[in-house]
Amino acid sequence: MEEKLVAIAGNPNTGKTTIFNSLTGTRQKVGNWPGVTVEKKEGYYIYKGIKFNVVDLPGTYTLTGESEDQKIAIDFLIENKVDVLLLIVDASNLERNLHLLVLLSELHKNILIDLNMIDIAEKEGIEYDITHLEKLLKVKFVKTIGNRNIGIEELREQIYKESIESRSEIFTLNYGKEVEKIISEIENNLNKSTFYYPSRFLAIKILEKDEYFINLIKDKIEYEKISMSILNLEKILNNSTDRILIEKRYGIIHGIVREAIIEKKKELKFEITEKIDKVLTNNLIGPLIFLFIMFLIFNGIFTFGNPLNNFIELLLEKMRNSILMSNLPSYLKSLINDGIISGVGSVISFVPSIFLFFFFFSILEDTGYLARAVIVSDRLMHKIGLHGKSAIPLILGFGCNVPAIMGTRILENKKDKILTCLSIPFMSCSARLPVYILFAGIFFNNNQGAIIFSLYLLGIIVSLLTIKFWGSIVLKHVSTPLIIELPPFRTPYWKSVFIESWTRTKYFFKKAGTLIFLGSLILWLLSYFPNPENYGSEFNYIGKIGKIISPLFKYSGFNFWQAGVALISGIYAKELVVSTFGTLFGIKDLSNTLKIYFNTISAYSFMIMSLLYMPCLATFLTLRKEIGLKWTIISLFWTLFIGWLISTFFYQTLTFLIGS
Amino acid sequence: MEKLSEVKEGKYKIVEILKFGKLKKMSNLGIFPGDIIEVVKPTPGPVVIKKENITIGIGYGIAMDIIVEKVE
């Protein structure tokens, strides 16, 4: 089948992801861009007998070499034969969005514009003369309303058309006589050697004073001569070239948009968003709302997730019974039941909870609340020496610490980055949720939601204190100021939210699945040998290992070898804490058995320990890549120490106050 | 004329953005000198401003370099 490549570009908050999801449906996968740790989304759909491979480029406002995200977008367009570059444009914000069109047109010719969220623009009284815009910009426009799935078929048709006929010309911005002269002068110089990037693009980047691109070409061209010419021009025009380029671009776009607007109500007011924002970002009410929303989410995960989890457990129980009844050899029965079903199965039963977490998170993202959460957290983050943007990776940490640590790349300052990375392992990732659900369900029957919430809160507090501590001791610095767009509030498109959460859940379990399977297998071997008849007992290897380390936890309230084994395997992947109990105690009577070993206080103390001690293997590896071995080792000992300290302190204090 | 970091809620005109790096950051998000903006939320904490349907949160470090003028 013939294949075509479509790349999607656009500003953040233009509904890019929704369009991507509408085009590809569930035929997509998430991964990483090679070499870097920015999320990459790919998918495909088939239209008129052609397979369209779609790549979602990172959302950007500009195209500079100074940021990882933007470099990815630039390089993707250079390295691949992109048949159609689909630019998603927020119709109610045309001017700013078209700025990216100008930049992209310096790099790629076959651009198609998706004028998205046309309904919001219309509601605000904005209407454009599309034919006029198409004539001026020499590109095609398609109107869509992504979150209501309107216009997607027309979009497919137009992508198809663009992909079979290649565009001969596109809008080229003329920067004015003097600037164009220097552009061609630089181009001539560049053309003496060969470069990866188009020469006009490079010339413009030099005038923009983009350090990344300047360093790339500096030694291969007569840079001194070029700098002199630039300096001369700046003297004549009494303005710096980077400033001139920006002014020129916006000036021309402003003119074009003004020309194409048919109707704009006299005084545009956006009172409702403004009123909501006044409340959501209010210094007093804002944080309370933030906490309340987080509380609702964790309660929601529990209320909706629990029945589903129980249902899966029921299915697993049935599987186990049918294995038991079968005439397989006993070691195989044990391997399947005690090893695989108990290990992998107990984690699979938490799929609904993980899915719900991503589901709620997508809603926060799509409605635009997440950016408000950054504003609200900025004040607090500032007090401890970071800015609100660090709050994004930290909040991401609730999902999985690995992407959270990767997400610290949005922080420009190295020290900001290290501090944030040190504190992320304390953010309670979804893999730790099964531990809480299990223990809270058994020991805190009436307050499960509140108990789980308290652990998340504890994690946040510890991570903030970590930042404060290391920030004031070793990593003293002034943090970079915050600037962030607050997208307009929108109703999420449910199909997209579902696809989004499903793809993330799938990715999460694919990655975790292999680790868990291997982990369960190793655990089973250690539990089965050398005495198969005493499975998972202290007479087998597993018990011996557990016994060596369990005295460490004497004062934390769980001085028995099974807890030691569970915590060791949790380092491998945090999900394994629960599955280890499943393997060691047998999943059937798990809750009754745990009640023998734990009381209410030690159960909570164990949850604290699971929350705080050591990042998992995947997190460890990511940390090493992002902040180096020295800080990773510091993080390792720090988390272990803090986990031990707080759980012990908690257990001792409460036992003293209430009595065991 | 006042700094954006020191004003109360209300309507203002951006007179100047002092450092070029900051001007660049602001213009990337669609805010330019000469624009009429609404201060939705003043300091303490980030300042939230609105221009038509663009809403932006700005930290103190940037807000202090944005010079504004009250518009009646």
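This note takes up helix α16 of chain A and the contact between chains A and B in a predicted model.

1. Helix α16 of chain A covers residues 369-383, and because a rise of 1.5 Å a residue puts the expected span of its 15 residues at 21 Å, the 22 Å that separates its end C-alpha atoms agrees with that expectation. The agreement should be read alongside a kink of about 40° in α16(A), which is centred on A:S377. After the helix comes A:G385, a residue whose phi is positive, near 100°.

2. The residue at the centre of the kink, A:S377, is also one of the buried residues of α16(A), a list that further includes A:R372, A:D378 and A:H382 as well as A:V374, A:I375, A:V376 and A:M381. Within chain A, the buried residues of this helix pack against α12 (271-280), α13 (285-325), α17 (391-396) and β10 (483-486), while from chain B they meet β4 (47-51) and β5 (54-58).

3. As for the contact between the chains, 32 residues of chain A and 27 residues of chain B take part in it. On the side of chain A that touches chain B, at least two residues come from each of α3 (94-105), α11 (241-260), α12, α16 and β10. By residue type, that side of chain A is made up of 13 nonpolar, 9 polar and 10 charged residues.

4. Strand pairing also links the two chains, since β10(A) runs antiparallel to β5(B), with 4 bridges between them. Within this pairing, the residue opposite A:I484 is B:G57 of β5(B). Both strands appear again among the elements against which the buried residues of α16(A) pack.

Note on methods
Residues are numbered from 1 along each chain as its sequence is written. Chains are lettered from A and ligands numbered from 1 in the order in which they are written. This is a predicted model: local features need pLDDT of at least 70, side-chain atom pairs count only at pLDDT 80 or more; totals for chains, interfaces and linings use all residues. The expected span of a helix is 1.5 Å times one less than its number of residues. The bend at a residue is the angle between axes fitted to the seven residues ending there and the seven starting there. A residue is buried if 20 or more other C-beta atoms lie within 10 Å of its own, exposed if 12 or fewer, and partly exposed in between; C-beta atoms are placed from the backbone. Two residues are in contact if their C-beta atoms, placed from the backbone, lie within 7 Å. Ala, Val, Leu, Ile, Met, Phe, Trp, Tyr, Cys and Pro count as nonpolar, Asp, Glu, Lys and Arg as charged, and the others, Gly among them, as polar. Two strands pair if DSSP finds at least two bridges between them.
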